[in-house]
Amino acid sequence: MKIFFSERNIHGAWVVYGEDGVRQYYGYTKAEAEKRYKEDSRVIVCQKH
């Protein structure tokens, strides 16, 4: 899954924008949030098949 960019919101969460939409991750570093985004996207794709 391709990530376009990530930013921190006013509440302290990392907001990750990518091919699978926008997701927010609280309590993670930027790298962890981006890794989680990719993992979450893989799980969703696998469940659709």
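Strands E2 and E3 form a hairpin, with two residues between them. Helices (H or I, at least four residues) and strands (E, at least two) are DSSP runs, numbered from the N terminus. The model is predicted, and local features need pLDDT of at least 70, while side-chain atom pairs count only at pLDDT 80 or more and totals for chains, interfaces and linings use all residues. Residues are numbered from 1 along each chain as its sequence is written, and side-chain values use heavy atoms, with hydrogens and water left out.

The hairpin belongs to an open sheet of three strands, ordered E1-E2-E3 and paired in the antiparallel sense. Strand E1 (3-8) and strand E3 stand at the edges with a single partner strand each, so one side of each has no neighbour in the sheet. From one strand to the next, the twist averages 20°; axes are lines fitted to C-alpha atoms, for helices over the stretch in contact, and angles run from 0 to 180 degrees between N-to-C directions. Two strands are taken to pair if DSSP finds at least two bridges between them. Five bridges join E1 to the antiparallel strand E2 (residues 14-18), and E2 is likewise joined to E3 in the antiparallel sense over five bridges. Val15 has Gln24 as its bridge partner in E3, whereas Ser6 has Val16 as its bridge partner in E2. In a regular strand, side chains alternate between the two faces of the sheet.

Ser6 lies in strand E1. Ser6 is buried because its relative accessible area is 14%, where buried means under 20% relative accessible area, exposed over 50%, and partly exposed in between (1.4 Å probe, protein chains only). Outside the residues up to four places away in sequence, Ser6 touches Trp14, Val15, Val16, Lys30 and Glu34, a contact being defined by heavy atoms within 4.5 Å. With Glu34, the side chain of Ser6 makes a side-chain polar contact of 2.7 Å. A polar contact is a pair of N or O atoms within 3.5 Å; within protein, one must be able to donate a hydrogen and the other to accept it, and residues adjacent in sequence count only if both atoms are side-chain atoms.

Ala33 is found in helix H1 (residues 30-48). Its relative accessibility is 0%, and Ala33 therefore counts as buried. Neighbours within four places in sequence aside, Ala33 is in contact with Trp14, Val16, Tyr25 and Tyr28. Between Ala33 and Trp14, which are 19 residues apart along the chain, the C-alpha atoms are separated by 6.6 Å.

Two salt bridges are present in the structure, a salt bridge being a side-chain nitrogen of Lys or Arg within 4 Å of a carboxyl oxygen of Asp or Glu. Side chains of opposite charge can pair when their charged atoms come close. One salt bridge joins the side chains of Asp20 and Arg23 (2.8 Å, N to O). Arg23 is located in strand E3 (residues 21-25), and Asp20 counts as partly exposed because its relative accessibility is 25%. The C-alpha atom of Arg23 is separated by 9.7 Å from that of Ser6, 17 residues apart along the chain. Another salt bridge links Arg36 with Asp40, the closest N and O atoms being 3.5 Å apart. Arg36 and Asp40 are four residues apart in helix H1, so about one helical turn separates them. With a relative accessible area of 31%, Arg36 is partly exposed.
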